[in-house]
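Visitor: Could you take me through one part of this molecule slowly? I am new to reading structures, so a close look at a single piece would help me.

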Amino acid sequence: MQELDIGLPKCYKAAYYDIGSKNLLITFTPSNGFFLYHSKISANKLCIASTTPNYYIFNPGSACKKIIDFIKDKAIENIICLGSSKAGLASILWGQILYEKLKNTHNVFVLSFSPQSKLYPFNENLYFPSYKQMWKTAQVDNDLNKCLINYGDVNLVLKDSDIPGMIIYPEHNMTDKLEAERIVAKNIRLIPLKNYPLHGSFLPFMPQAQDNVKLKSMVKKLYENALKDDDVKATLPSSEYEILKLIKLINAPNIENLIDAIFFKIGNEEHLNNLKKMQDSGFL
């Protein structure tokens, strides 16, 4: 994997995977590494990670300007911004900034799993260690504090926006449910996962969830990573068996298939609407 310097602020790093597609998946990672870089999605991938606990709220405007230049240089037409947890917040925040600048020329869609939606003022609902660390840092970092004030409430960023998207969250996780259902945007659908209590609402969508052996391996690695990530540790149940049982209960689509379907829909909206009109009229 080769990192790519596209001029983002120093607290971010990026990697790019090009298959010559007009579709671009922008992923944000909630922890280490680059999210979905090795997935089999039929799109170019720009994977972004934050090297500091800033919840991707540090200078997203200047970062998105660089991404826009990159998008235009690569002749991209359709864009999905995807993330989970703090990266789910990033997918909405950065997605909205991109949408405002590109909506007349490009299709932009946000796909967010269990996002935090209100960082400012201080949100007692958020128990994540990284959130408390960010607040502590913001008290002595004026630049971060300004970004926290400007971008810390997703609804203020989304005000009157018609950006399309989906927010997927666990129905039985009260923290995630409150954060997701607080979000108001007319074209973003809220999709609760029934009978699912875990913050990791992305896990049932992973390709490994369809294979028992691969699923066990994925969960084992997740618990190993929790030893180095306090946020992951704070969200996992006490045993691997419990999380395996819960993931198997959810009949979720493979994330690769879901993303491919979204790209098809947003890239063929006009044709799909015409098809529906013909079907409704009885001619097809």
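Guide: Here is a walk around one helix, followed by a few other places to find on the screen. Please keep in mind that this is a predicted model.

Let's begin with helix α3, which covers residues 129–138. Its buried residues are S130, Y131, M134, W135 and A138. If you look down the axis of α3, these buried residues fall within an arc of 140°, so they line one face of the helix. What covers them? Among the covering elements are α2 (86–102), α4 (142–151) and α8 (230–235).

Let's follow α4 first. The axes of α3 and α4 come within 8 Å of each other and cross at roughly 120°. An angle over 115 but not over 145 degrees counts as oblique, so α3 is oblique to α4. On the α3 side of the contact you will find M134, W135, T137 and A138, and they meet L144, N145 and L148 of α4. Sorted by type, the residues of this contact are 5 nonpolar, 2 polar and no charged. Notice that M134, W135 and A138 are also on the list of buried residues of α3.

Now turn to α2, another of the elements that cover α3. The largest nonpolar core of the model has 55 residues, and those with the most contacts inside it are I26, L46, I48, I67 and W94. Helix α2 gives the most to this core, with 10 residues. Try picking out I67: leaving aside residues up to four places away in sequence, I67 touches I6, L8, I26, L46, I48, W94 and L98. Apart from this core lies another one, of 39 residues, including Y196, L215, A226 and L244.

Two single residues make a nice pair to finish with. T175 sits in helix α6 (residues 174–181). Its relative accessible area is 12%, and buried means under 20%, so T175 is buried. Not counting residues up to four places away in sequence, T175 touches N125, L126 and Y127.

Y17, in strand β1 (residues 12–17), has a relative accessibility of 38% and therefore counts as partly exposed. Beyond its neighbours within four places in sequence, Y17 is in contact with Y37, N44 and K45. For a sense of distance, find M278 as well: Y17 and M278 are 261 residues apart along the chain, and their C-alpha atoms are separated by 39 Å.

Terms used
Residues are numbered from 1 along each chain as its sequence is written. This is a predicted model: local features need pLDDT of at least 70, side-chain atom pairs count only at pLDDT 80 or more; totals for chains, interfaces and linings use all residues. Side-chain values use heavy atoms; hydrogens and water are left out. Buried means under 20% relative accessible area, exposed over 50%, partly exposed in between (1.4 Å probe, protein chains only). Helices (H or I, at least four residues) and strands (E, at least two) are DSSP runs, numbered from the N terminus. The arc is that of the directions from the helix axis to the C-beta atoms. Contact means heavy atoms within 4.5 Å. A nonpolar core is a set of buried Ala, Val, Leu, Ile, Met, Phe, Trp, Tyr and Cys residues joined through side-chain atoms within 4.5 Å. Axes are lines fitted to C-alpha atoms, for helices over the stretch in contact, and angles run from 0 to 180 degrees between N-to-C directions. Angles under 35 degrees count as roughly parallel, over 145 as roughly antiparallel, 65 to 115 as roughly perpendicular and the rest as oblique. Ala, Val, Leu, Ile, Met, Phe, Trp, Tyr, Cys and Pro count as nonpolar, Asp, Glu, Lys and Arg as charged, and the others, Gly among them, as polar.
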